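Visitor: Can you walk me through the ligand sites in this one?
Guide: Sure, here it is.
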Amino acid sequence: MTKALRLVLGDQLNLKISSLTDYDPETDIILMCEVSEEATYVKHHKKKIAFIFSAMRHFSTELKNNGYTVEYTRIEDPDNTGSFFGEVERCLKTYDLNKIVVTEASEYRCLEEIKSWGKQLNCKVLILNDNRFLISKTNFIKWAQGRKELRLENFYREMRRTHSILMSNEKPIGGKWNFDSDNRKTLAAGNEIPQTYKQEPDQITREVINLTAKLFYNHFGDLNDFHFAVTRDQALKALELFVKERLSSFGDYQDAMLNGEPWLYHSHIGLYLNCGLLLPSECVHAAEKAYHDGIARLNCVEGFIRQILGWREFVRGIYWLKMPEYETVNFFNAKRKLPSFFWTGETKMNCLKQSILETKQNAYAHHIQRLMVIGNFALLTGLNPTAVNEWFLIVYADAYQWVELPNVTGMALFADGGVLGSKPYASGGNYINKMSNYCKTCYYKVNHKNGETACPYNYLYWNFMIENKEKLSNNSRLSIMFGTLNRMSEDKIKSITNDSRKFLKTIK
Ligand code: FAD
Ligand code: DLZ
Ligand code: SF4
């Protein structure tokens, strides 16, 4: 008789997960386990650990309430072996089970480990497709095959057509696929921004927060003001609140940044999507409905849908297409070590200080802070991609390698040489100044190009272009910038390289 151990990982918290189909209540056991190996293989932000453990504990209750038999290992259990392998082995023995069923792990590291269990445990291991995504790995490979370049825009159009989202008679609603040109408005300080969803921690969450504080005290991040949703119902409320109160401004202010305003008009649902509490289809449909109901304009709805139906699925596809090599690519041969202020926020550069301190407090920063402030700095200063990836994997509650790595290595650092994007997102201080009020209170002057008080992004940008001229000058999207560089006087180039050398010496 088959008696299955059904392993549900901490990012698979959904009753519809494929590993639960065919569950036999007579014979099968569901295993969920909090293991120190997962919490410490990189030292995850404390809030991220507390979030996952609390969401896992709540989900195990939901499973039990739905009639499933669940074996749950808590982090503080004395018998906890500390690893998935140890807990699976223990559970197989305790319940005399003879088969393991699991939805494929979202991360390469974890999936490779699970693939080795059959031999090690002398037990059949059935690995099922991850049905939390809108395109399967196989279909992504089919889409990618034979293409000279893999670009989001083509992929996104295909996804819109396949899933019939914002379409009318096979054409995109509004006559355009992309309304980004409407989405670059700046925000004035003092605007009343609706609050993000806030959930008061219950008994389970409070317990987990205390455990995290005790067991992972030396990890990065603050635990105070924990307000994340930790159940599916709460996550659905967070989505509903976003659609009702912020979606109608999402597009307009998608790139805006403001001192002391970490949440703005973003959805803050990435952490729920990535651990299974929300499914991408329901987020996309909720936004599409808001457009048809006249709650939000097309530029906002299309912009939001593109992030989930487009970018999220696209980066996952790239990840599985390019792993494991993708972990070690380093197009610019960048070697610099991560400056200590990435952990403390102690820098005179106000944009970085704001973004890092908000990250420390909330395990969250929005896309433009990640890309154009922190990522851009890492690119321009030549920080080592392995170190930068580890930092991004640690600090955000929504970070799992399948989504973090392509965003950091591909989008922010261009360390893949152009697999994911067509050019590096490198920029001087002007962009940050245009999209935020950070520069107004910064020690540095954004309109100074060189010298002691100049905004470091300004000379670092040109220094980056000078240093990587050979690798980038045949990129047609950079031809205007290289034209400008070629016209620069020798003195100007000397100032740029001198300022950069001096600045780079100070970041340790
Ligand atoms: P919103 O801005 O409201 O967007 C809605 C949703 O769209 C997000 O929740 C997310 O699910 C999806 N989305 C948007 N952009 C992307 C993208 N580029 N890739 C994948 N999904 C996207 N996202 C993660 O989920 N985990 C990460 O570890 C992560 N690391 C990043 C690192 C860098 C350097 C950069 C530039 C981006 C990273 N992103 C990551 C993408 C994006 O910044 C976050 O998804 C977003 O900021 C999460 O906040 P939100 O839920 O408020 O998103
Ligand atoms: C992120 C995370 C953490 C911190 N802890 C656990 C855990 O103790 N148990 C668990 O099942 N999952 C955890 N996770 C999520 C996993 O890292 C994630 O499910 C896998 O890496 C996916 O490959
Ligand atoms: Fe950032 Fe430069 Fe503006 Fe300061 S002046 S906030 S360093 S962009």
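Guide: We'll take ligand 1, then ligand 3.
Guide: This is a predicted model, where local features need pLDDT of at least 70, side-chain atom pairs count only at pLDDT 80 or more, and totals for chains, interfaces and linings use all residues. Residues are numbered from 1 along each chain as its sequence is written, chains are lettered from A and ligands numbered from 1 in the order written, and side-chain values use heavy atoms, with hydrogens and water left out.
Visitor: Which residues come nearest to ligand 1?
Guide: His266, Ser267, His268, Asn274 and Tyr364, out of 29 around ligand 1. "Around" means a heavy atom within 4 Å.
Visitor: What does the backbone of His268 do there?
Guide: One of its N or O atoms lies 2.7 Å from an oxygen atom of ligand 1. A polar backbone atom of Gly270 is 2.9 Å from a ligand 1 oxygen. For Asp398, a backbone N or O atom is 3.0 Å from a ligand 1 nitrogen.
Visitor: How much of ligand 1 does the protein bury?
Guide: 99% of the 810 Å² that ligand 1 exposes alone (Shrake-Rupley, 1.4 Å probe).
Visitor: And the shell by class?
Guide: 16 nonpolar, 9 polar and 4 charged residues for ligand 1. Nonpolar is Ala, Val, Leu, Ile, Met, Phe, Trp, Tyr, Cys and Pro; charged is Asp, Glu, Lys and Arg; the others, Gly among them, are polar.
Visitor: Switching to ligand 3. How many charged residues are in that shell?
Guide: None; the shell has 10 nonpolar and 1 polar. The residues around ligand 3 include Cys351, Cys439, Cys442 and Cys455. Gly429 is also one of them.

Methods. Polar contact = N/O pair within 3.5 Å; in protein donor to acceptor, adjacent residues only side chain to side chain.
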